[in-house]
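Me: I have a structure open and would like to go through it piece by piece. Can we start with a single residue and work outwards?

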Protein chains: 2
Amino acid sequence: MLTNSRLVHQPHDHSRCINAALSRADELCVASKARLTPTRKSVLQLLWQSHRPLGAYQLQDQLAVLSGKSIAPPTIYRAIEFLLGLGLIHRIASLNAYIGCPFPGSDHSNLFMICNQCGSAAEVAHNGLNELLQKASDKADFTLQSQALELFGLCPNCSLSADQTGPASPENRQ
Amino acid sequence: MLTNSRLVHQPHDHSRCINAALSRADELCVASKARLTPTRKSVLQLLWQSHRPLGAYQLQDQLAVLSGKSIAPPTIYRAIEFLLGLGLIHRIASLNAYIGCPFPGSDHSNLFMICNQCGSAAEVAHNGLNELLQKASDKADFTLQSQALELFGLCPNCSLSADQTGPASPENRQ
DNA sequence: AATTTTATTGTTATATTATAACGTTACATT
DNA sequence: AATGTAACGTTATAATATAACAATAAAATT
């Protein structure tokens, strides 16, 4: 079971996440002869600014700040489409939002654990789960092609806070 | 593994599906002292006209035909909200669409198998799957509260057609 | 280097999905 | 019948996403 859950929910040097993601993206683009243009790079970077999914219009706002000029929706969606295509990010359908993929390249299908409190999302690649889904599909004569698996609840930090006083303190939010 | 997959993908007396759904809804509403008003009933019925999810605006169009007058979005969404609340229908996030629940009342969390070709959606209640997801959540210290599980691929009928000539004939669609 | 081709972005307009706010009607209880 | 509540009607608008076409930049070819 490959996951970034620990990393997501513990204090860590987050600039390393971002840098790692950007250099993985560079490699992947070189390998597939795709161009990581400034817009695309910025969108990817923004999707790694936190371990929380962002919507297209949040990206638009933040990109405007980052680049100093306003950028229309189609450009944002094009960058999103490009990054999705390379497997560098994922779409979270329940939220209409997007998040960086912690292990692009590796052939995995994804399960997300999304916190209702702080909005964090951890990704899990779970072989047992995928096998089970494949089995269930076979049994139903269903030809499985892709999947969207989204769990909602409380992340480790917010679970703890919920046991105790109340909602997580803003500092704990990540 | 409880599922309506067989039923969905075989020719059957579909009016029985609709009638069964409506009378289950009646019972459930009586039990919970909720009112199954004409609008709500019509929406539920429309969501059972096929084993395919429908969007809110498709519902709006069809409701207009059914009732002879045009009905504004808020009314549709209110009916949807009501039916979701009672567990009589489900929302399929990846499609922004809604579908009747074949086993309301039973405490289940749902997996959908959605056909990319004909648009049919079968629901599966899979204990093993839910246990596995619970375990994975526990392992990650994640407090699981709800889930959206959507598989995409080819239903039994369209799988067969794909093996052979091409897309399923319209008559096979259902 | 100039030309051609292709990929990317800009721009405008609009489609699609969903909700807010407030008024009106219908129903249920007393 | 009077009152309170739930449901619906109506208007406006928010939020998410894409179509269509023009302009530009980068890459490939000559």
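Me: Is A:Ser70 buried or exposed?

Reply: This is a predicted model. In it, A:Ser70 is exposed, because 10 other C-beta atoms lie within 10 Å, and a residue counts as exposed at 12 or fewer.

Me: Where is A:Ser70 found?

Reply: A:Ser70 sits in the loop between α4 and α5 of chain A. Its C-alpha atom is 7.7 Å from that of A:Gln60, and the two residues are 10 apart along the chain.

Me: Now a strand. How many residues of β5 in chain A are buried?

Reply: In strand β5 (residues 121-125) of chain A, 4 of the 5 residues are buried, so the strand is largely enclosed by the rest of the structure.

Me: Which strands does β5(A) pair with?

Reply: Strand β1 (residues 2-3) of chain A pairs with β5(A) in the antiparallel sense, over 2 bridges. There, A:Thr3 is opposite A:Val124. Strand β4 (residues 111-115) of chain A also pairs with β5(A) in the antiparallel sense, over 4 bridges. A:Ile114 has A:Ala121 of β5(A) as its bridge partner.

Me: What do β4(A) and β5(A) form?

Reply: They form a hairpin, with 5 residues between the two strands. In the turn, A:Gly119 has a positive phi of about 85 degrees.

Me: Switching to the two chains. How many residues does the contact take from each?

Reply: The contact takes 34 residues from chain A and 34 residues from chain B. On the chain B side, the elements giving two or more residues are β5 (121-125), α6 (127-139), β6 (143-154) and α7 (156-163).

Me: Which of them gives the most?

Reply: β6(B) does, with 12 residues. By class, the side of chain B that touches chain A has 19 nonpolar, 13 polar and 2 charged residues.

Me: What does β6(B) pair with?

Reply: β6(B) pairs with strand β6 (residues 143-154) of chain A, in the antiparallel sense and over 11 bridges. One of the partnerships is between A:Leu151 and B:Gln147.

Me: How can chain B be laid on chain A?

Reply: By a turn of 180 degrees and a shift of 0.0 Å along the axis, with an RMSD of 0.0 Å. The two copies are therefore related as by a two-fold rotation axis. In chain B, the C-alpha nearest that axis belongs to B:Leu149, at 2.3 Å. The same surface serves both copies, as 100% of the contact residues of chain B recur in chain A.

Me: On to the DNA. Which residues are closest to strand C?

Reply: DNA strand C is surrounded by 19 residues, and the closest are A:Thr37, A:Ala72, A:Pro74, A:Thr75 and B:Asn96. Two or more residues come from each of α3 (38-47) and α5 (73-85) of chain A, and α4 (56-67) and α5 (73-85) of chain B. α5(A) gives the most, with 5 residues. The surface near DNA strand C has 11 nonpolar, 5 polar and 3 charged residues.

Me: And what surrounds DNA strand D?

Reply: There are 19 residues around DNA strand D, the closest being A:Asn96, B:Thr37, B:Ala72, B:Pro74 and B:Thr75. At least two residues each come from α4 (56-67) and α5 of chain A, and from α3 (38-46) and α5 of chain B.

Me: Which element gives the most to that surface?

Reply: α5(B) gives the most to the surface near DNA strand D, with 5 residues. By class, that surface divides into 11 nonpolar, 5 polar and 3 charged residues.

Key. Residues are numbered from 1 along each chain as its sequence is written. Chains are lettered from A and ligands numbered from 1 in the order in which they are written. This is a predicted model: local features need pLDDT of at least 70, side-chain atom pairs count only at pLDDT 80 or more; totals for chains, interfaces and linings use all residues. Two residues are in contact if their C-beta atoms, placed from the backbone, lie within 7 Å. Ala, Val, Leu, Ile, Met, Phe, Trp, Tyr, Cys and Pro count as nonpolar, Asp, Glu, Lys and Arg as charged, and the others, Gly among them, as polar. Two strands pair if DSSP finds at least two bridges between them. A residue is near a molecule or strand if its C-beta atom, placed from the backbone, lies within 6 Å of it. Copies are superposed by least squares on the C-alpha atoms of residues with pLDDT of at least 70 in both. A residue is buried if 20 or more other C-beta atoms lie within 10 Å of its own, exposed if 12 or fewer, and partly exposed in between; C-beta atoms are placed from the backbone.
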